[in-house]
Amino acid sequence: MVDAEDRYILELRGVSKFFPGLKALDRVDFNLRGGEIHAIVGENGAGKSTLIKIITGVHQPDEGDILYEGNKVVFHNPTVANRYQIAAVYQQPASFPHLTVTENIFLGHPVTHPTTKRLMWKEMRQEAKRLLHSLGADIDPSATMGSLSVAQQQMVEIAKALSVNARILIMDEPTASLTRRETEDLYNITKKLRDSGVSAIFISHRFEDIYEIAERVTVLRDGKTMGTWKVNEITEHDLIKAMVGREINQLFPKKTVSFGRELLKVEGLYRIGYFSDISFSLRAGEILGFSGLVGSGRSEVAQSIFGIAPADAGKILVEGKEVSIKSPMEAISYGIGYLPEDRLEQGLFLPLSINDNITVSIIDQLTNRGWLNPSREYEISNKMLELLKIKAPGIFHPVSSLSGGNQQKVVVAKLLAARLKILIMDEPTKGVDVGAKAAIHQIMSDLAAEGLGIIMISSEMPEVLGMSDNVVVMHEGRITATFSRAEATQEKLMEAAVKVTRFA
Amino acid sequence: MTDKPTQVKREPVYLRLRGFREFGIIIFIIIISLLIGIRNPRFLTLGNFHDMLLDTASLSVLALGMMLVLVTGGIDLSMESVLALTGMVVAMTIKENPHLSPLLMLVLGLALGSLLGAITGLIVAKGKVVPIIATLSMMYVYRGITFIISGGKWVSAYEMPDSFKEMATGRLLGFSNLITIALLVYLFFYYFVNHTRVGREIYAVGSNREAARIIGINSEFITCLVYIISGALSGLAGVMWVARYASAQNDTASGFVMTIVAACVLGGVSITGGVGTVFGVLLGSITIGIINNALPMIRVSPFWKMALQGLIILVAAIVNIAITRNAEKSQLRRREL
């Protein structure tokens, strides 16, 4: 079974992990060769994150063995795993927002003076600078972590992994919040690391990631291993089949809709330090894509229109009437809804039930002289559950118990329940598996066909191209190009998005 | 790339200062000192400044302990009772054994305070009791023990040896010993917080507990530690307090914990954790000291004093926020669009 030269640096044999009422991992086998990039794919809730947490010592397996270079090991806690030079870059950067970049990199293993144990800040700052520079990231080591963009924070996380001389580097959806360009940088870095002998475990929903950099791919479904293949021996089609156990043919179910009246018009919108001179219009039935690099100001424009952080100058017209939106409440009263990128922090009340989450924004419409009408409420929630095919035991289960994709659907359900005219969706399918993604795209298309106007911010090129009627491209706070669906191509969008090269 | 200048232009000093966290509180201290100085020039004398620092010494030590707890996202309401209990025990000890060295009393205060803090810390870290509940309970428990051991009686000035009272009256290089003690504590903690691993781990736990766990920080230990430190500093402040006022009473420092929190907040410590500096807390304590010292000097009626104190704290907090926001905004303005 194993060639003589194929020594596994890490091997998992029959590993299981149980959580109350849930079998997260069921006798999973997995192995990693030295100097290999090994992709793990699977739908949300397939057990990828649990697998990672077992390898990094955050969780301990209930069954099965972990072998490191052929010897059985037990990772009692993350420190032990660190000692075996295993480092992880998590999907949501597990960082310290109040502390500096340097500290974030070195806190777990600071450079200290050999006798006095004093922290050697100067040395750490220099090393941090060197690491970040080797990643091609232009980040000030003295900057506060919380002031960086998600992509920059991820770069810092990778620098952190490099700083411990990791032999096994685990990356949990590292490209999810990166732009094309940043993704390519990451590919190059990962390949460079592989060539220097580091093994990498790469978790991703994006098949282009897998085919671009991985040698082998392991598929997980419902906590079980479906198999391991060399990437050049399995087609994308078969991979999807292994993941979901069914075929998904139509990834972008965009209907052609004739546009109605102008719903939203933005003229010369300006917010100090974030964006300037933003003008565009959105008509009924239109899906307007917002493309551009992360940090180009797309989300900030959306947040200004929704009143979270009002603009400093410029006009917003809703159905031809100029409005002043100073708070989300006002925005909702004009029929504008917003699906935030960070659904955990801004989109959901995790401990509350699905029902509470869906009806929270329309609660005043469901009351009769101040008394809540629960049956009306349940009716709406159940309808949404069915409509969006949310996988949940019932509407009274807390949202925190759902998988990422289903949580995203609950956020969408909340928006739909509010009966809005204009929807702003920021990365609507980020971190969502293939099945849920297709479902969300279908919903978007249906809503547009019903006459809603949708602004979709997306960093995924195929999504922008597949779903938008028109595309606006932003770069460093300004609109650099606008394309119709027919005109838009990957190359044109990218060209507009990177207009000026920021890096030497 | 081409049209950008290769060298970043140095900003004028006042602009660079604006980015400095403690800038707001410093401005506030200067303004209020000048205003009070105009009404009563005696306020701006060195002698008065020394008295004010002397009055602030215990508060500043306490605020340092509170800061570390706040940085981890907790709060220690029991500090005032630890202060009273330690003060009482020390006073009773020195009353029975007047020949003992005052230095030994400081050590006793630190040790007893640490022990009491450790109990609170274990309840929070191991018992997983919410800090505000755990420390509120211990506030009553320790206050109760103070009454029990003293039998409700005071230890008065005449019962204490002069050597002990000299801790407050004696001077070193022109400064009261109490000020010197506070200064030493600050120097030690400045180093501890900024230049030791454990010091930084306190901030890490407060900034993101889960991430701290992932990089192998023992957050239970850190949580326990900050309560031990706040206990130790309360104990130390207890000895300082008793020496300063030359009496140990059962209701010593009752209700003082809110002043400690106020000093921290004025100094820019975040109640939600992760943020706080040693220098900031020092400035916050001094601000409270100025307010306490100045109001009687400009003949504010004692009836008005408390309400006015509250108002001034509020104004200082607002000024602080406004200046921080302004600094953020000017930073944004420098971004190119």
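**Two sheets in chain A, two helix pairs in chain B**

Let me begin with a single residue pair: A:Asp426 has A:Ile457 as its bridge partner, and that partner lies in S20 of chain A. Before I go further, please keep in mind that this is a predicted model. The pair belongs to a longer ladder, in which strand S19 of chain A, residues 422-426, and strand S20 of chain A, residues 453-457, run in the parallel sense and are joined over five bridges.

Stepping back to the sheet that holds these strands, we find an open sheet of six strands in chain A, ordered S16-S19-S20-S13-S21-S22, with mixed pairing. Strand S16 (336-339) and strand S22 (478-484) of chain A stand at its edges, and because each has a single partner strand, one side of each is left without a neighbour in the sheet. If we ignore direction, neighbouring strands here are turned against each other by 20 degrees on average. Helix H17 of chain A, residues 490-497, packs on this sheet, where it touches strand S13 (287-292), strand S21 (470-475) and S22 of chain A, and the direction of H17 makes about 30 degrees with that of S21(A).

Chain A has another sheet to discuss, again an open one of six strands with mixed pairing, this time in the order S6-S7-S8-S3-S9-S10. Its edges are formed by strand S6 (86-89) and strand S10 (224-230) of chain A, each with a single partner strand, so one side of each is left without a neighbour in the sheet. Here, too, the average turn between neighbouring strands is 20 degrees, direction ignored. Within this sheet, strand S3 (residues 37-41) and strand S8 (residues 199-203) of chain A run parallel and are joined by four bridges, and A:His38 stands opposite A:Ile201 in S8(A). Helix H1 of chain A, residues 48-55, packs on the sheet and touches S3, S6, strand S7 (168-172), S8 and strand S9 (216-221) of chain A, with a direction that makes about 155 degrees with that of S7(A).

Now to chain B, and to two of its helix pairs. Helix H2 (residues 23-39) and helix H13 (residues 278-297) of chain B pack at an angle of about 15 degrees, with their axes 11 Å apart, which means that H2(B) is roughly parallel to H13(B). H2(B) passes H13(B) in a left-handed crossing, and the contact includes B:Phe28 and B:Ile32 from H2(B) as well as B:Ile290 and B:Met297 from H13(B). By class, this contact of H2(B) with H13(B) has 11 nonpolar, three polar and no charged residues.

For the other pair, the axes of helix H4 (residues 79-96) and helix H11 (residues 219-245) of chain B come within 7 Å and cross at roughly 50 degrees, so H4(B) is oblique to H11(B). The crossing of H4(B) past H11(B) is right-handed. Among the residues that meet are B:Ala84, B:Gly87 and B:Ala91 in H4(B), and B:Gly231, B:Gly235 and B:Gly238 in H11(B); the contact divides into 10 nonpolar, seven polar and no charged residues.

Finally, how many residues of chain B are in contact with chain A? There are 21, and they are in contact with 28 residues of chain A. Helix H9 (197-207), helix H10 (209-214) and helix H14 (302-333) of chain B each supply at least two residues of that side of chain B, with H9(B) giving the most, namely five residues. By class, the side of chain B that touches chain A has nine nonpolar, six polar and six charged residues.

Methods
Residues are numbered from 1 along each chain as its sequence is written. Chains are lettered from A and ligands numbered from 1 in the order in which they are written. This is a predicted model: local features need pLDDT of at least 70, side-chain atom pairs count only at pLDDT 80 or more; totals for chains, interfaces and linings use all residues. Axes are lines fitted to C-alpha atoms, for helices over the stretch in contact, and angles run from 0 to 180 degrees between N-to-C directions. Angles under 35 degrees count as roughly parallel, over 145 as roughly antiparallel, 65 to 115 as roughly perpendicular and the rest as oblique. A crossing is left-handed if the near helix is turned anticlockwise from the far one by less than a right angle, and right-handed if clockwise. Two residues are in contact if their C-beta atoms, placed from the backbone, lie within 7 Å. Ala, Val, Leu, Ile, Met, Phe, Trp, Tyr, Cys and Pro count as nonpolar, Asp, Glu, Lys and Arg as charged, and the others, Gly among them, as polar. Two strands pair if DSSP finds at least two bridges between them.
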